[in-house]
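User: I'd like to go through this one and check what stands behind each label. Can you take me through it?

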Amino acid sequence: MVDFSVIVTFVVILGTTGLAAGRSFWRRYILPLYLTFILFFFCQALFYSYRQYLGWRDSAPGKYLLPPYQDITYFIQYALYRFWSHFLVALLFSLVVFCLAVYFNRKHQFRYFEAEEPYFFALAVFGVGYTGLLIYFPLLFLAQLVISHGHALLFRRLERISFYYLWLGLAIVTILIN
């Protein structure tokens, strides 16, 4: 299922980062947006778990999967696997790539990323979800390879190519492919 709220958010961010005021805006508000994204997906998983519980409770065969017929741990395991696992894995990967990006950027005197780029990267990793990561990371590698080699062939010099506009753009492509 394509989550259009993620795509719309990424498109809005991409559209506004090209503006001069957009960059300073996102430097201030990308962390609250990232935390809002996490809260949104937490509430979504909680809502789906609650709806599943109500569905099982109100159906004739489903009520035998809940207490007093079954232990509540059966439902909790089902909800964790069905609704929470993709959210938690994506959140974990998102936090790991964010921490690694910030660490290496600071270690090398901020020459790898702009101030808001680690947040864009973490937001993209979180937005594509667990299964989307299997497409997103090879797509990043391929984009870097094509862009850097194309730039080197065209201009006959090697330069560092910024991913500023590619983090979220490739995330949109990944969501649409996935």
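**Labels and the values behind them**

Analyst: Let's start with a polar contact: the side chains of Asp71 and Thr73 are joined by one of 3.0 Å. Keep in mind that this is a predicted model.

User: What makes the link between Asp71 and Thr73 a polar contact?

Analyst: The cut-off for a pair of N or O atoms is 3.5 Å, and the Asp71 and Thr73 side chains come in at 3.0 Å. Asp71 sits in the loop between α2 and α3.

User: Why is Asp71 called partly exposed?

Analyst: Its relative accessibility is 49%. Exposed starts over 50% and buried is under 20%, so a value in between is partly exposed.

User: What else is in that loop between α2 and α3?

Analyst: Pro68 is found there. A cis peptide bond joins Pro67 and Pro68, with omega at about 10 degrees.

User: On to the rings. Why do Tyr78 and Phe83 count as an aromatic pair, and what makes the pair edge-to-face?

Analyst: Two tests here. The ring centres of Tyr78 and Phe83 are 6.4 Å apart, and the rule asks for centres within 6.5 Å. The planes of Tyr78 and Phe83 make an angle of 85 degrees, and over 60 counts as edge-to-face. By this rule the count comes to 24 aromatic pairs.

User: Which of the two, Tyr78 or Phe83, is buried, and which is partly exposed?

Analyst: Phe83 has 16% relative accessibility, so it is buried, with the limit being under 20%. Tyr78 has 27%, so it is partly exposed.

User: Which residues form an aromatic cluster?

Analyst: Phe10, Phe37, Phe40, Phe41, Phe42, Trp84, Phe87 and Phe126 form one. Trp84 turns up again in the helix geometry: α3 has a kink of about 60 degrees centred on Trp84. Trp84 and Phe87 are also among the buried residues of α3, including Phe83, Ala90 and Leu91.

User: How do you know that α4 isn't straight?

Analyst: Compare the spans. With 39 residues, a straight helix would reach 57 Å at 1.5 Å a residue, but the end C-alpha atoms of α4 are only 26 Å apart. The bend shows up too: α4 turns by about 115 degrees at Gly129.

User: And what does α4 supply to the largest nonpolar core?

Analyst: That core has 46 residues, and those with the most contacts inside it are Phe10, Ile13, Phe120, Leu123, Phe126, Tyr136 and Trp167. α1 (4-17), α2 (20-58), α3 (72-107), α4 (117-155) and α5 (166-177) each supply at least two of its residues. The largest share, 13 residues, comes from α4.

User: What does Phe10 touch?

Analyst: Leaving out residues up to four places away in sequence, Phe10 touches Phe37, Leu123, Ala124, Gly127, Leu168, Ala171, Ile172 and Ile175.

User: What makes Gln109 and Phe110 stand out in their backbone angles?

Analyst: Gln109 has a positive phi of about 55 degrees although it is not a glycine, and Phe110 has a positive phi of about 60 degrees, again without being a glycine. Gln109 lies in the loop between α3 and α4, and so does Phe110.

User: Why are Gln109 and Phe110 called exposed?

Analyst: The threshold is over 50%. Gln109 is at 63% relative accessibility, so it counts as exposed, and Phe110 is at 56%, so it is exposed too.

User: Which residues does Asn178 touch?

Analyst: Asn178 is in the segment after α5. Not counting residues up to four places away in sequence, Asn178 touches Val128, Thr131, Gly132 and Ile135. Asn178 and Ile135 are 43 residues apart in sequence and 7.7 Å apart C-alpha to C-alpha.

User: What makes the Asn178 and Thr131 pairing a polar contact?

Analyst: Their side chains make one at 3.1 Å, and the limit is 3.5 Å. As for accessibility, Asn178 has 46%, so it is partly exposed.

User: Last one: why is Ile147 called partly exposed?

Analyst: Ile147 has a relative accessible area of 33%, so it falls between the buried and exposed limits. Ile147 is in helix α4, and it touches Ile161 and Leu166, leaving out residues up to four places away in sequence.

Methods. Residues are numbered from 1 along each chain as its sequence is written. This is a predicted model: local features need pLDDT of at least 70, side-chain atom pairs count only at pLDDT 80 or more; totals for chains, interfaces and linings use all residues. Side-chain values use heavy atoms; hydrogens and water are left out. Rings of Phe, Tyr and Trp (its six-membered ring) pair if their centres lie within 6.5 Å; planes under 30 degrees apart count as stacked, over 60 as edge-to-face and the rest as tilted. Buried means under 20% relative accessible area, exposed over 50%, partly exposed in between (1.4 Å probe, protein chains only). A nonpolar core is a set of buried Ala, Val, Leu, Ile, Met, Phe, Trp, Tyr and Cys residues joined through side-chain atoms within 4.5 Å. Helices (H or I, at least four residues) and strands (E, at least two) are DSSP runs, numbered from the N terminus. Contact means heavy atoms within 4.5 Å. The expected span of a helix is 1.5 Å times one less than its number of residues. The bend at a residue is the angle between axes fitted to the seven residues ending there and the seven starting there. A polar contact is a pair of N or O atoms within 3.5 Å; within protein, one must be able to donate a hydrogen and the other to accept it, and residues adjacent in sequence count only if both atoms are side-chain atoms.
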